[in-house]
Amino acid sequence: MTSDQIAAFRASLLKMLTDLDAESARGSEDRRTVELDQQSVGRLSRMDASQRQAMAKATQARRAATKARIRAAMARTDNGEFGYCTDCGEPITQKRLELDPTAPTCIGCAR
């Protein structure tokens, strides 16, 4: 893989990371503590707010896992290991990396 290709993948990874940070900031209000004020919110509204909070927290956990994968892929670009399987050391196909630039393994090892 050429240095230009690796630079393009790194730019793509940086954009993914930036997009995830922006999504996280937009969803921060849904993750806050649900108020239990009986005067302003009914029981069903509180249940809905609690469910929305749980879904927002689960989404945030998935974002954190994705960010970890992105950071690991960026570290591989810095170390000269990007594009090579972390298990067997063989090159990862270009198509696989285009679909998921965070993929750490070749398709054979992923199976």
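How many helices and strands does the secondary structure of the protein come to? The answer is four helices and zero strands, in a model that is predicted. The legends below start with the whole chain and then move in on single places.

**Figure 1. The whole chain, an all-in-one view of the pattern α-α-α-α.** Reading along the sequence of the protein gives this α-α-α-α order, with zero strands among the elements. The protein has 111 residues, and buried residues make up 25% of them. Take the contacts between residues at least 6 apart in sequence: 53% of these join residues at least 24 apart.

**Figure 2. Helix α1, residues 3–26.** This helix has 24 residues. From its first C-alpha to its last, α1 reaches 35 Å, close to the 34 Å expected at 1.5 Å a residue. Look for F9, L13, L17, L20 and S24, which are buried in α1. Several of these names come back in the next view.

**Figure 3. The largest nonpolar core, with twelve residues.** Its members are F9, L13, L17, L20, I70, A73, M74, F82, C85, I92, L97 and C106. Helices α1 and α2 (43–79) each supply at least two residues of this core. Which helix gives the largest share of this core? That is α1, with four residues.

**Figure 4. L13 and its surroundings.** L13 is one of the buried residues of α1 and a member of the largest nonpolar core. Not counting residues up to four places away in sequence, L13 touches I70, A73, M74, T77, F82, P101 and T102. Among these partners, I70, A73, M74 and F82 also belong to the core. D100 makes a good landmark for this view: D100 and L13 are 87 residues apart in sequence, yet their C-alpha atoms are 9.7 Å apart in space. D100 sits in the loop between α3 and α4 (107–110). With a relative accessibility of 26%, D100 counts as partly exposed.

**Figure 5. The aromatic pair of F9 and F82.** A search of the whole structure finds one aromatic pair. In this pair, the rings of F9 and F82 are 5.3 Å apart, centre to centre, and their planes make an angle of 50 degrees, which is a tilted arrangement. Because F9 lies in helix α1 and F82 in the loop between α2 and α3 (94–99), the pair ties together parts that are 73 residues apart in sequence. Are these two residues buried or exposed? Both F9 and F82 are buried.

**Figure 6. The annotated zinc finger region, residues 85–109.** An unreviewed UniProt entry lists these residues as "zinc finger region: dksA C4-type". Over residues 85–109 the chain is 36% helix and 0% strand, and the end C-alpha atoms are 8 Å apart. UniProt also places the feature "domain: Zinc finger DksA/TraR C4-type", again from an unreviewed entry, at residues 80–111. For that span, the end C-alpha atoms lie 24 Å apart, with 31% helix and 0% strand.

**Figure 7. Cysteines in the annotated region.** How many disulfides does a search of the whole structure find? The search finds zero. C88 is in no disulfide, and the nearest cysteine sulfur, that of C85, is 3.7 Å away. At C106, the closest cysteine sulfur is in C109, and the distance is 3.7 Å, too far for a bond, since a disulfide needs the two sulfur atoms within 2.5 Å. The surroundings of C88 and C106 can be told apart by accessibility. C88 is partly exposed, with a relative accessible area of 38%. C106 counts as buried, at 13% relative accessibility, and C106 is also listed in the largest nonpolar core.

**Figure 8. Y84 in the loop between α2 and α3.** Y84 is partly exposed, with a relative accessible area of 39%. Setting aside neighbours within four places in sequence, Y84 is in contact with G89, E90, P91, I92 and P104. One of these, I92, is a member of the largest nonpolar core. A103 offers a second reference point: Y84 and A103 are 19 residues apart in sequence and 9.6 Å apart in space, C-alpha to C-alpha.

Methods. Residues numbered from 1 in each chain as written. Predicted model: local features only at pLDDT ≥ 70, side-chain atom pairs only at ≥ 80, totals over all residues. Heavy atoms only, no water. Expected span 1.5 Å × (residues − 1). Buried < 20%, exposed > 50% of the residue type's maximum accessible area, 1.4 Å probe, protein only. UniProt positions renumbered as here; feature names shortened; annotations may be inferred. Core = buried A, V, L, I, M, F, W, Y, C linked by side-chain atoms within 4.5 Å. Contact = heavy atoms within 4.5 Å. Phe/Tyr/Trp six-rings, centres within 6.5 Å; stacked < 30°, edge-to-face > 60°.
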